[in-house]
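Welcome! Take a moment to look over the sequence and the fold, and then we will walk through them together.

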Amino acid sequence: MKCLRKLANEQKKLLDLEKTHQQELLENMIASVEIERTRIARDFHDQVGNIFSLLSLVLQQSEDEKIQEAKFLIDKGLNNTRELIYQIMPPELKLFGLEYALEEIFIRVNKSGSLIAKWLFKCELNTYNLSIQLSIYRIIQELVSNTIKHSNANQLTLTFSRTGEEMQILYKDNGTLQNDCVIDSRKGYGLRNIETRVQLLSGSFDFNFKQGFESNIIIKSSYAN
């Protein structure tokens, strides 16, 4: 009996070590990717953003019609640059947490006027460490981007809830794609990227196109702090 108990304890220690090791690998992988994203965003801001700003400043000296048209295009390019930088590394996530950062996504979607976003957080998201929050943020960011690019939807909904040891993420849009388009849509919808991110969290990702796009993501609450 003592031998069995000792064996069980040793197995539990091994499982705990494996779990810790897997989480460390996950965090290191995510950290490496996000460090590179931060570098790109910073370089993009410093080089392209500053060039646009200097050009706009120079052109302000003239009232010529063509110059004003060029200034308009430069201002548009500067705004697009800022939007790309925001997409690469949103400052709200680190400053205020996942809930706030996701709300900012949906507020921006609703301001577009062509898509209505609704969201509901039934559980606390900021209990997850920053690297996990960032990974979840990227998943939702990808889902929203796919809806905008591919679905022809005019409404999307997102719900976070927790049941026992699991957090559930339900995402739906009312797009026009159907189940017979799933194989062709996997690549265009970026579903493989989402699957990979969810797998890195040791979670599950199910989806269908029965009535628009609907996905169900499960993540273990053990990743919470």
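A good place to begin is the inside of this predicted model. The largest nonpolar core has 38 residues, and those touching the most other members are Leu102, Phe106, Ile136, Ile140, Phe160, Met167 and Ile169. Two or more residues of this core come from each of H4, S1, H5, S2, S3, H7, S4 and S5. The top contributor is H5, with 8 residues.

Which residues does Phe106 touch, leaving aside those up to four places away in sequence? They are Ala117, Trp119, Ile140, Val144, Leu156 and Leu158.

Here is where some of the elements that feed the core lie along the chain:

| Element | Residues |
|---|---|
| Helix H4 | 98-111 |
| Strand S3 | 166-173 |
| Helix H7 | 191-200 |
| Strand S4 | 204-208 |
| Strand S5 | 213-220 |

Next, look at two strands that pair up. Strand S1 (residues 116-121) and strand S2 (residues 155-163) run parallel and are joined by 6 bridges. To get from S1 to S2, the chain passes through helix H5 (residues 130-151), making a left-handed β-α-β crossover. Within this pair of strands, Lys118 sits opposite Thr157 of S2.

Now step back to the whole chain. There are 7 helices and 5 strands, and from the N terminus on they follow the order α-α-α-α-β-α-β-β-α-α-β-β. The chain has 225 residues, 37% of which count as buried. Among contacts with a separation of 6 or more, 66% are between residues 24 or more positions apart. Finally, the accessible surface comes to about 13,900 Å², with 55% of it belonging to carbon and sulfur atoms.

How values were computed. Residues numbered from 1 in each chain as written. Predicted model: local features only at pLDDT ≥ 70, side-chain atom pairs only at ≥ 80, totals over all residues. Heavy atoms only, no water. Pairing = 2+ DSSP bridges. Helix = DSSP H or I, 4+ residues; strand = E, 2+ residues; numbered from the N terminus. Right-handed = clockwise from strand over helix to strand, strands pointing away. Core = buried A, V, L, I, M, F, W, Y, C linked by side-chain atoms within 4.5 Å. Buried < 20%, exposed > 50% of the residue type's maximum accessible area, 1.4 Å probe, protein only. Contact = heavy atoms within 4.5 Å. Areas by Shrake-Rupley, 256 points an atom, 1.4 Å probe, with all protein chains shown as cover.
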